[in-house]
Amino acid sequence: IAPNGGSKLRFTAIAPVPRNRDAMTVPEGYDWAPIIRWGDPLFNHAPKFNIAKQSAKRQAGQFGYNNDYLNVIVDKYSGRSGVLVANHEYTNEDLMFDPQWFEANKAEAARIAMAAHGFSVVEVKRAKSGGPWSYIRGGERNRRITATTVFAIDGPAAGSALLQTTSDPTGRKVLGTLNNCAGGTTPWGTVLSGEENFNQYFRGTGSATDARYGIADEATERGWEDVDARFSARNPGYKNEANRFGWIVEIDPQNPDSVPVKHTALGRFKHEGANVRIADDKRVVAYSGDDERFDYVYKFVSAKKYRRGDRRHNMTLLSAGDLYVARFSGNSPAPEIDGSAAVPADGSFDGTGTWLPLVKDGASMIQGMSVEEVLIYTRLAGDKAGATKMDRPEDVEPSPVTGKLYIALTNNTQRNTAGKASVDEANPRTRNRDGHVIELTERNNDATATEFSWNILLVAGDPATDKSTYFSGYPKEKVSPISCPDNLAFDSKGNLWISTDGQPGTIGYCDALHKVTLNGEERGKVEQFLAVPAGAETCGPLVHDRDGSVFVSVQHPGEGGTFNEPISFFPDYVKTAGKTKRGEVYGPRPSVVQVFTDTKGRGSRK
Ligand code: FEO
Ligand code: CA
Ligand code: CA
Ligand code: CA
């Protein structure tokens, strides 16, 4: 194994950045620039961003807020054109709006927020292969998807009585997608994304099933139910509206007229995202985590087979198949690590596991639940199956090089607290503040297998102060501190890249992007590549190492500050006078950033 994990993207790890530093920090020899920012116009008719004039109509033609999942899909033959796809997870009203204006215009603010959710698809170009990208206003494939865009519901639960509302008696057509977090691009070029914390948008029925999803019969903080009746189950005909969210959505970024789809076959939960691997027999397998404390890891195996080059056929693959949930078994007495180093007697956190069927060959495998119920109330089916309660499964992604699956477990401070589940070998840390990452190998490396083995790649934290950290045996004094692993990506050599969400509140450093070597003597070596500005989360990492570039979504920069007292001016860093009339140049703005090699070697700048 070559040094540097074989990667051409060479860098010296940066030092961790104190949490209040409002700067994008990249390694020596690299520079960065935003490609597109919140409010940048996608269409020729869309107005330029002006915070003082923002409206729902303007927002619907502009890049949305809080980009999370990201891909730059390069056109095959040119290498100099492509589409950038980003989703927009949620909105930070206290950063977006002047508080005085907000109080007087709550309905319009809610409509702006709805238009700032969803997706953006935007064409990008570059002067030469390997050079930095810029976005094309008015590009042919440019598209905004918002909270009011029509989606088709497909799969076994489509049309179910549990999905019908007074606006949609068919149960097959729903408006919008919400809280899209991580995602994945399929081998056939579509983009998958998870509807994650969708519960926060709905006033529920007060039922036990709603409660399992965190949906309460209480006024929501966002107050969308005051603007659009469907957001409250109390309004006649809308008790099922919340059942129409919590799905994996698939969009075709090459066709702006295509109808995006919600796939019921993959189950309904707080999907972080989904990532697809093609099995040896050409069925496709989609892996997905449910990001909640003590929730589960799932996989879907398609009924039909992938056909190379047949895009229309492949876009039906996620519509029917088997759904499984994971049970992990340790092979040592459960170690309990609570502030002190503890590696099991056999030297590693590892064991075997089983994919427990929830739906198989079109039939429910859960007693007392129909297929529709298993797919719509998947969490309850996982409970009944006896799945392993995990420490918040975030991105779950197979390596395109080895097929091994990596599971980011971001944290779970409630592990071993009163009334909550205790540690097990796969979730070995009490009050797990910093999270860990599991590596899972399917039996015979067959993605459709129902048995697997697993081990913990790393137990995160700051090794300088936390003895319970573990990096597959790699010397702790040589790794970058890392906490709250969230999004995962791979470079072309199969090194794992991990972005974090929550380091400022745990180890006191700005959120970061790290490279982790998986193979050879340096397995477990964590090297920090970049840090995002104060208040921001690092999302959507994308590593084009052959091009010498890395992309990140910088989400909620300045969170923790307010409109009038910002803690971040990312990405433009122009502090304009006046509190409300900041005009076009304004900060903070969530943005997609490209990091590229820079012959001037500037490294980092504000
Ligand atoms: Fe939106 Fe699980 O992070
Ligand atoms: Ca073990
Ligand atoms: Ca996430
Ligand atoms: Ca990912």
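Setting aside neighbours within four places in sequence, Leu-458 is in contact with seven residues named here: His-436, Val-437, Tyr-470, Phe-471, Ser-472, Gly-524 and Val-526. The model is predicted. Leu-458 also belongs to the largest nonpolar core, which holds 158 residues. Within that core, Leu-458 is among the residues that touch the most other members. The others in this group are Leu-84, Ala-286, Ile-407, Val-437, Ile-438 and Leu-530. Val-437 thus appears twice: as a contact of Leu-458 and as a member of the group with the most core neighbours. Helix α4, spanning residues 106-116, gives the most to the core, with 7 residues.

The protein chain as a whole has 9 helices and 33 strands. Its radius of gyration is 23 Å, close to the 25 Å that the globule rule gives for 606 residues, so the chain is as compact as a globular protein of that length. Along the principal axes, the C-alpha atoms fill a box of roughly 65 × 60 × 50 Å. Of the 606 residues, 57% are buried. Contacts between residues at least 6 apart in sequence were also examined, and 62% of them join residues at least 24 apart.

Strand β5 covers residues 118-125. Of its 8 residues, 7 are buried, so the strand is largely enclosed by the rest of the structure. Bridges join β5 to β4, β7 and β6, as follows. Strand β4 (residues 81-88) runs antiparallel to β5 and is joined to it by 8 bridges. Here Ala-86 has Ser-120 of β5 as its bridge partner. The core residue Leu-84 lies within the span of β4. Strand β7 (residues 143-145) is likewise antiparallel to β5, with 3 bridges. In this pairing Phe-119 stands opposite Ile-145. Strand β6 (residues 134-135) is joined to β5 by 2 bridges, again in the antiparallel sense. Val-124 is bridged there to Tyr-135 of β6.

An open sheet of 6 strands follows the order β9-β8-β13-β12-β11-β10, and its pairing is mixed. The edges are taken by β9 (173-175) and β10 (180-185). Each has a single partner strand, so one side of each is left without a neighbour in the sheet. Neighbouring strands of this sheet are turned by 30° against each other on average, direction ignored. Inside the order, β11 (residues 191-195) and β12 (residues 248-251) pair in the antiparallel sense over 4 bridges. Ser-193 has Val-249 of β12 as its bridge partner.

A further open sheet has 4 strands, in the order β2-β32-β31-β30, with antiparallel pairing. Its edge strands are β2 (30-37) and β30 (537-544), and each pairs on one side only. The average turn between neighbouring strands of this sheet is 25°, direction ignored. Strand β2 pairs with β32 (residues 591-597) over 7 bridges, in the antiparallel sense. Within this pair, Ala-33 stands opposite Gln-594 of β32.

How values were computed: Residues are numbered from 1 along each chain as its sequence is written. Chains are lettered from A and ligands numbered from 1 in the order in which they are written. This is a predicted model: local features need pLDDT of at least 70, side-chain atom pairs count only at pLDDT 80 or more; totals for chains, interfaces and linings use all residues. A nonpolar core is a set of buried Ala, Val, Leu, Ile, Met, Phe, Trp, Tyr and Cys residues joined through C-beta atoms within 7 Å. A residue is buried if 20 or more other C-beta atoms lie within 10 Å of its own, exposed if 12 or fewer, and partly exposed in between; C-beta atoms are placed from the backbone. Two residues are in contact if their C-beta atoms, placed from the backbone, lie within 7 Å. Two strands pair if DSSP finds at least two bridges between them. The radius of gyration is taken over C-alpha atoms; the globule rule is 2.2 Å times the number of residues to the power 0.38. Axes are lines fitted to C-alpha atoms, for helices over the stretch in contact, and angles run from 0 to 180 degrees between N-to-C directions.
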